Amino acid sequence: MNSIEQKKLRWYNVALIAFVSVWGFGNVVNNYANQGLTVITSWILIIALYFVPYALMVGQMGSTFKEGKGGVSSWIKETMGPTIAFFAAWTYWVVHVPYLAQKPQGILIALGWAFTGTGGLTSKYSPFIIQTACLVVFLIFLWIASYGLASLKRIGTIAGLAVFIMSLLYILLAITAPALTGAKIATANITFKSFIPDFNFAYFTTISMLVFAVGGAEKISPYVNQTRNPAREFPRGMIALAIMVAVCALLGSFSMGLMFDSSNIPADLKMNGQYYAFQILGGYYGLGNGLMILYAIANTLAQISALAFSIDAPLKVLLSDADRRYIPEGLLKTNARGTPVNGYLMTGVLVGILIIIPALGIGNMNSLYNWLLDLNSIVMPLRYLFVFLAFMALMKAADKFKSEYQFVKNKTWGFIIGLWCFIFTAFACIMGMFPKVEAYTSEWYFQFIMNIVTACLLIALGLILPQIAKMTRR
């Protein structure tokens, strides 16, 4: 296939591909749980001031380094050298550890809703018992992932698409429910003031969840050079993506306000909110638990697929693309199926610790779920920092590189925008470390210490590996 045939994606193709990979219904539920209806203003600000420049930066990086197979680590390698590129690759992998630790929770919760019609499964047992079950689920899928993922990928794609379609259907049915079914609006007296946040300390501790929701645009970079005219089509696609995300975020959050009182949000909304929403929606339209069960089954399959692929793909990016000087030989060892055995073992140990240890200090399953979700919102955006570092480095050395698509032609302005996104991301991660539970209680201190220690240890392990590699090669 020649290059002309390859460059056939239009702006709307790029926008749809990006939308499916970046957006999810959980983003609406989790941020509504944090902020209520005031999140609508937060969405407008975060999309305009952060998401749009972020996505357009990714476009320029993807266009400039079109041969780079390692994504962000390849961009860093070209602009800042192999040492920082290793830390970019390490960070990209290691931030998935809390993600992998929470996925089994999501699978058990979804199964509980699918089979019992309630979220009571996790409340029947102690956090330690539930987390032990989560560890068993994780180890099963660690073993499955080592045998290949082809069929699981197909199931996951279908299930993920089903969840995505149902999420859009939810917005449509929820917005029209008061008019069509006479459903009562849960949030009383909605006025302009209902949407204006108090920009206080508590508010800023929640913005990491917004950054977490809109992050991941670097997944789009391979498609930049497959468009007909990157300089015109890609920015159009990203603007269309921003509009679609904005519409779903704003209407989705407003829909949540129709179903859940913004001034009295259920404590378990992050854990069970997606299922409550479809259960209430089924009640509006006389469908009982039907919609909720369909969503729970689709979400179970989608999360199973995501768990298995998140075990395998980030690890292979780390081990295949990073400079061999920084990776101990033992981690590169593979079996007959090409599975990096010791890499899987390292994943299993780190995730296992993160599944079990918090259960010893966090009193109930809802708090544990919320803490692990918040931890994800703290550490996952750390990988975005390298996107902005690479973009700033590109702006400083713009004369050395050529790109079919340029987000900003003025190097100074480009650097300033990259610096803004870097500082904002770092600020969001730091503020996210402050727990969203009653301050200065034993649980608050435990969560706060765990947030700091977990983030620092995961990153610090990346400093140790090159030293081990150096010692083993002597």
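**The second largest pocket and three helix packings**

In this predicted model, the second largest pocket holds about 440 Å³ of space. Its lining comprises 22 residues. Those nearest the centre of the pocket are Asn34, Lys270, Pro435, Lys436 and Val437. By class, the lining divides into 12 nonpolar, 7 polar and 3 charged residues.

Four helices each give at least two residues to this lining. They are H3 (25-35), H10 (201-204), H17 (365-379) and H20 (442-472). H17 supplies the largest share, with 5 residues. Three of these lining helices, H3, H17 and H20, also appear in the packings described next.

Two packed helices are described by the angle between their axes and by the distance between those axes. Each pair below is treated in these terms.

H3 packs with helix H12, which spans residues 230-259. Their axes lie 9 Å apart, at an angle of about 55°. Angles from 35 up to 65 degrees fall outside the parallel and perpendicular ranges, so H3 is oblique to H12. The crossing of H3 and H12 is right-handed. From H3, the contact draws on Val28, Val29 and Tyr32. From H12 come Cys248, Ala249, Gly252, Ser253, Met256 and Gly257. The residues of this contact are 6 nonpolar and 3 polar, with no charged residues.

H17 packs with helix H11, residues 207-214. The angle is about 70° and the axes are 8 Å apart. Angles of 65 to 115 degrees count as roughly perpendicular, and H11 and H17 are therefore roughly perpendicular to each other. The crossing of H11 and H17 is left-handed. On the H11 side, the contact involves Ser208, Met209 and Phe212. On the H17 side, Leu373, Asp374, Asn376 and Ser377 take part. By class, the contact of H11 with H17 has 3 nonpolar, 3 polar and 1 charged residues.

H20 meets helix H6, residues 82-94. The axes of H6 and H20 come within 10 Å and cross at roughly 135°. An angle over 145 degrees would count as roughly antiparallel; at this crossing angle, H6 is oblique to H20. The crossing of H6 and H20 is right-handed. H6 contributes Phe86, Phe87, Trp90, Thr91 and Val94 to the contact. H20 contributes Leu458, Ile459, Leu461, Gly462, Leu463, Leu465 and Pro466. The contact of H6 with H20 has 10 nonpolar and 2 polar residues, and no charged ones.

Note on methods
Residues numbered from 1 in each chain as written. Predicted model: local features only at pLDDT ≥ 70, side-chain atom pairs only at ≥ 80, totals over all residues. Heavy atoms only, no water. 1 Å grid on protein atoms, 1.4 Å probe; cavity = no way out; pocket = protein on both sides within 12 Å on 5 of 7 lines; lining within 4 Å. Points joined across faces, edges and corners; volume = space filled by probe spheres on them. Nonpolar A, V, L, I, M, F, W, Y, C, P; charged D, E, K, R; others polar. Axes fitted to C-alpha atoms, helices over the stretch in contact; angles between N-to-C directions. Left-handed = near helix turned anticlockwise from the far one by under 90°. Contact = heavy atoms within 4.5 Å.
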